[in-house]
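I set out to record what I looked up in this structure, entry by entry. My notes begin with one helix and then turn to single residues.

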Amino acid sequence: MIRACYPGSFDPVTLGHLDLIERAAAFCSELVVAVIHNPSKKTMFSLEERQQILTQSLAHLSNVSVDYFSGLLVDFLKQRSANLVVRGLRDSSDAPIEFQMARLNRQMYPECDTLWLASDGRYAHVSSSFVREIARLGGPVQHLVTPAVAERLAQKLSPKEAL
Ligand code: PNS
């Protein structure tokens with residue numbers, strides 16, 4: 001029984017995130033996708049929007065649920081009886097911060113471990129921050145996010161929404 005958690009900002013969720021979630025869901029009994037709620041950090045999409053987009057995108061995966069957490073990830077893991085954190089590694093530049101987080105989390109919650117999946121080559125260059133930048137600058141994002149997310153980005157950046 002593997003009860004795992006895939007935490008992240010998901011601002012917005014990308015095709016790279018979705019690929020990792022599908023792959024992790026295949027070997028986890030339960031996978032909670034946990035959206036971080038950090039009121040001091042400005043995000044393009046609200047917590048509710050990020051959760052809603054994820055819930056819609058993951059409706060086909062019966063063992064995956066979407067939740068949010070604020071505060072320490074380890075407290076959320078304990079609350080949800082999860083002791084595995086799943087994260088993606090796009091390339092070696094992701095490793096230092098990922099190893100640091102995993103070690104800090106284990107220091108606070110020794111029963112928990114982190115498992116990294118190598119991002120699929122199709123998505124190794126994809127990040128939410130570049131998706132936001134490309135969208136803000138009027139570039140194409142169809143190859144980086146789902147059509148639903150592309151539409152949400154367009155709405156968010158339309159002059160009407162900005163008013
Ligand atoms: O998608 P991101 O922004 O790379 O996700 C980072 C996240 C949310 C996994 C990370 O910032 C996190 O776990 N924050 C929770 C706060 C916490 O537990 N910090 C202490 C040790 S890392």
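Entry 1. I looked up helix α4 and noted that Ala-95, Glu-98, Ala-102 and Asn-105 are buried there. Buried means under 20% relative accessible area, exposed over 50%, and partly exposed in between, with a 1.4 Å probe and protein chains only. These four buried residues cover an arc of only 105 degrees around the axis, which puts them on the same side of α4; the arc is that of the directions from the helix axis to the C-beta atoms. On the other side of α4, I found Pro-96, Arg-103 and Gln-107 exposed.

Entry 2. I recorded the basis of the work: this is a predicted model, in which local features need pLDDT of at least 70, side-chain atom pairs count only at pLDDT 80 or more, and totals for chains, interfaces and linings use all residues. Residues are numbered from 1 along each chain as its sequence is written, and side-chain values use heavy atoms, with hydrogens and water left out.

Entry 3. I noted that the buried residues of α4 pack against α3 (73–79), β4 (84–89) and β5 (113–118). Helices (H or I, at least four residues) and strands (E, at least two) are DSSP runs, numbered from the N terminus.

Entry 4. I turned to Ser-57, in helix α2 (residues 47–57). Ser-57 counts as buried because its relative accessibility is 17%. Leaving aside neighbours within four places in sequence, Ser-57 is in contact with Val-13 and Leu-18, where contact means heavy atoms within 4.5 Å.
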